[in-house]
Amino acid sequence: MPLRQRYETLLVFDPNRSPATANVWIAHPALPEEQALGKLVVVSTIAGTDRINLDVINLIQEELRTSYYQSLDTKPERAFEHALQQTNRRLHQVIVDGVGQWIESANILVAACWRETLIISAVGSVHAFLLRHGRIHDVIGPTDRPAVNPVRMFSHLVSGQLQTEDQLLICTPSLLDYFSLEKLRRTLIDGNPSAAVHQWETILLGAEQQTSVAAVVVQTLDAESLVATVSRPVAQSTLASSAPQVSMDQLIAKEQATARLLAPSIWPAIRDVFNQLGIALNRLGRRLILRKPPRRRLQPGTLRPTAPINSSPAIWPRLIRSVVSGFQRLIGGLRDLRPRRTTIENTTTPMTMAPVLRRRRWSFNQLVIWFQHLSPRQQALAGLAVIMIVVLAATILPRVKTASTPTTPADINASITDHLAKARAALLYNGQDTARQEVTAAQTLNDKLPKRRTQDKATRTANGQAIGQILSQLAKRTIFTNPTVVAQLAPIAPLARPQQIYLLGKKLITFDPDRSITVSASIDGAQPTVINNRLDTGAPLSGAISGIGTVIFTTDRQGFAELDLATGAWKPIDSAWPTAKPRIQSIATYQNRVYALNIADQTIVRFNRSANSLGAGAKWLKETAVLSAARGLAVDGSIYVLQPDGLVEVYANGRRSAFTLTVIDPPLNNATRLWTDANSKNIYLVDPANQRVAVFSKTGQLVDQYTSTAWSNLRDVAVNEKTKTAYVLSGTTITSFSLIH
């Protein structure tokens, strides 16, 4: 039964802001043309927003449409190849004319969908994923392709058969910058393609950074809502002798076969050995002892289908079944050596007396007597059979203990490759924990490889490099040897030991709570200045940015004071605490409110600010929390509290939410400061012991680790994610570095 496709497109492209030209095009031919050849789909992106990029994309689309639907070939496969050939010729003419600056940055995918047939040709890096039965498969493989051939742009083909309810996602790589592959899969499974595309578009349009995203979702449906169609073969390509023609069904079957191949087992060999041994002994006994012809065995499948073999990984049940099967065949052959005698027993029944036949059960003594009555030749054969069983068992049992672990260098190296492949696959789906386990297993096996010969050393070194690459991806560690020095505070304030830093536009404010010294520095490198507090407001303790050019501090007099950078003036702010003698560890501001971490009462106090007063504070938490050792807090609508041992707790609406940071290497045991705000996508933790700033997403995933040996006395960090710059306070030096995440 013919299939039909439903198409949903996604295009996010602003010529004034996007970094690349993106476009999605679906042909709309006349009904007879669509019935004969189906539809063409083109997804393209070219770096830059020059007018020439749009002209090239339009040229490709028009040439494909004209050549495909006006082709004399009635088969879609040949018509598609003909259209690609004509497009290659047309593009070559354009390149010869001097219009070729777009080639290196072109990423274009062309597809033809006709009934159940799908044919794809791609240039550059464009993804195509097939979602079938809940699993997602990469249709065109790795996007790291060789350099584009200007003479023949479209030279690689992938063809295959679609099934009912298949979903095909064709997208530019920029879509994966915002959504993981698992997120895309789950969105398509949970809803229809229209809802999924609408959800992606909403998120992308809400992102601050403009991007270029092009995608199309193709859903395959039964034309008459009947049973799934029977796939038909795809003709071999004649476009290029070196162009790979890969069926999607073959790709999926190959993936499953590879998974089975990478899990070797000794059990099929054990089972076959016991079966063959039993059959051989049975035949030997019948031919040499009983003088009977061998039994005729039917070919497999003549009676009924054989039940599938259980592939359970349990060792001893499978060993027992194999041994029992072999012994049953052996005993069956030995049983034929003796004459069959029956005895008659009388059993009384309510109706009559009937003879009952039964087989005599053998005891050990009877077995000995039977053996003694055998001829010398028969005794020799029986003894030989027993010796063979004992030798076989002694050979197999030691191997069973080590069957699950490789022993030879070749097997160990194959297992290492398998573990590393699984680790790389886990990283694609953000499975850091799984990847870390696989890398650990690979490292353990690599240590077992021999290292005497040069070849062995080379193998260990190559494996070590592959393991190191994955560990680097897991650690996500970026090292700055010489971060940029923004300001030196010691010349202007030699006694200052600043602990806190705040970023207000182009100004950096550092504060020493022990000596109440405030220093203002500029990100432009101007000379720092000391800001003196001439009012009797009490000693400031901890601060937060409260507005454009102002910083608010809590004081040791259970009050607040605010610094205006424009005038350099301080002013007290009235407030009333809900409890006596609070001990404020940290404060933060959000939407004209001030939140204070009171570790004395283990609570968070919220103040609603008016013109010159904070009014009476109120306890914000609605449940009991352990905050006596908390080190800091930050607010973006939710409240993030930094606890000892690198633990971050998240509270929403007064109650703690489920939140956990990913385990990183080295562990985050002694983080001292936490920074984030409503405009930031990430959480930044200061770890002085390891001279690093660890960055996590607000879902707890590790984003990056920034380290530098220059941060020998790391204190605090302030970040501007719009300019991708972070400012680090280390001792009396302020340095900056660029964010690469």
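Helices and strands in these views are DSSP runs, numbered from the N terminus; a helix (H or I) has at least four residues and a strand (E) at least two. The model shown is predicted.

**View 1. Gln602 has a positive phi.** Gln602 sits in the loop between β24 and β25 (603-608). Its phi is near 50°, and Gln602 is not a glycine. Most residues other than glycine have a negative phi. Is Gln602 buried, exposed or partly exposed? Gln602 is partly exposed, because its relative accessible area is 31% and the partly exposed class runs between 20% and 50%.

**View 2. Lys724 also takes a positive phi.** This residue lies in the loop between β36 and β37 (725-730). Phi of Lys724 is about 55°, although Lys724 is not a glycine. Lys724 has 34% relative accessibility, so it counts as partly exposed.

**View 3. Helix α13 covers residues 454-475.** The helix has 22 residues. From its first C-alpha to its last, α13 reaches 31 Å, close to the 32 Å expected at 1.5 Å a residue. Which residues of α13 are buried? They are Asp456, Arg460, Asn463, Ala466, Ile467, Ile470, Leu474 and Ala475. Just after the helix comes Lys476, with a positive phi of about 50°.

**View 4. A salt bridge joins Glu182 and Arg185.** Side chains of opposite charge can pair when their charged atoms come close. In this pair, the closest N and O atoms are 2.6 Å apart. Both residues belong to helix α4 (residues 181-190). They are 3 residues apart, about one turn of the helix. Glu182 is partly exposed, with a relative accessible area of 28%. Arg185 is buried because its relative accessibility is 13%, under the 20% limit. A search of the whole structure finds 16 salt bridges.

**View 5. Asp636 and Lys698 form a salt bridge between loops.** Their closest N and O atoms are 2.6 Å apart. The pair links distant parts of the chain, 62 residues apart. Asp636 lies in the loop between β28 and β29 (639-642). Lys698 lies in the loop between β34 and β35 (702-707). Asp636 has 17% relative accessibility, so it counts as buried. Lys698 has a relative accessible area of 22%, so it is partly exposed.

**View 6. Asp716 and Arg673 pair in a salt bridge.** The N to O distance is 3.0 Å. Asp716 is in strand β36 and Arg673 is in strand β32. These residues are 43 apart, and their pair links distant parts of the chain. Are Asp716 and Arg673 buried or exposed? Both are buried. Elsewhere, Glu562, Lys571 and Arg609 are joined into one network by salt bridges that share partners.

**View 7. Arg692 reaches Pro666 and Gln705.** Arg692 lies in strand β34 (residues 692-697). Its relative accessibility is 1%, so Arg692 counts as buried. What does the Arg692 side chain reach at 2.8 Å? The partner is the backbone oxygen of Pro666. The Arg692 side chain also makes a polar contact with the side chain of Gln705, at 2.3 Å. Pro666 is in the loop between β31 (655-657) and β32. A cis peptide bond joins Asp665 to Pro666, with omega about -5°. Most peptide bonds are trans.

**View 8. The second largest pocket has 44 lining residues.** Its space is about 1100 Å³. Nearest the pocket centre lie Leu503, Ile545, Trp675, Thr676 and Asp677. Elements that give two or more residues to the lining include β15 (500-504), β23 (584-590) and β36 (714-720). Which element gives the most? Strand β19 does, with 6 residues. The lining divides into 20 nonpolar, 16 polar and 8 charged residues.

**View 9. Met153 sits in a loop.** The loop runs between β7 (135-138) and β8 (157-161). Met153 has 5% relative accessibility, so it counts as buried. Along the chain, Met153 and Leu91 are 62 residues apart. Their C-alpha atoms are separated by 7.9 Å.

Definitions and conventions:
Residues are numbered from 1 along each chain as its sequence is written. This is a predicted model: local features need pLDDT of at least 70, side-chain atom pairs count only at pLDDT 80 or more; totals for chains, interfaces and linings use all residues. Side-chain values use heavy atoms; hydrogens and water are left out. On a 1 Å grid over the protein atoms alone, a cavity is a set of points where a 1.4 Å probe fits but cannot get out, and a pocket is an open set with protein on both sides within 12 Å along at least five of seven lines; lining residues have an atom within 4 Å of a point. Grid points are joined across faces, edges and corners, and a volume is the space filled by probe spheres set on the points. Ala, Val, Leu, Ile, Met, Phe, Trp, Tyr, Cys and Pro count as nonpolar, Asp, Glu, Lys and Arg as charged, and the others, Gly among them, as polar. Buried means under 20% relative accessible area, exposed over 50%, partly exposed in between (1.4 Å probe, protein chains only). A polar contact is a pair of N or O atoms within 3.5 Å; within protein, one must be able to donate a hydrogen and the other to accept it, and residues adjacent in sequence count only if both atoms are side-chain atoms. A salt bridge is a side-chain nitrogen of Lys or Arg within 4 Å of a carboxyl oxygen of Asp or Glu. The expected span of a helix is 1.5 Å times one less than its number of residues.
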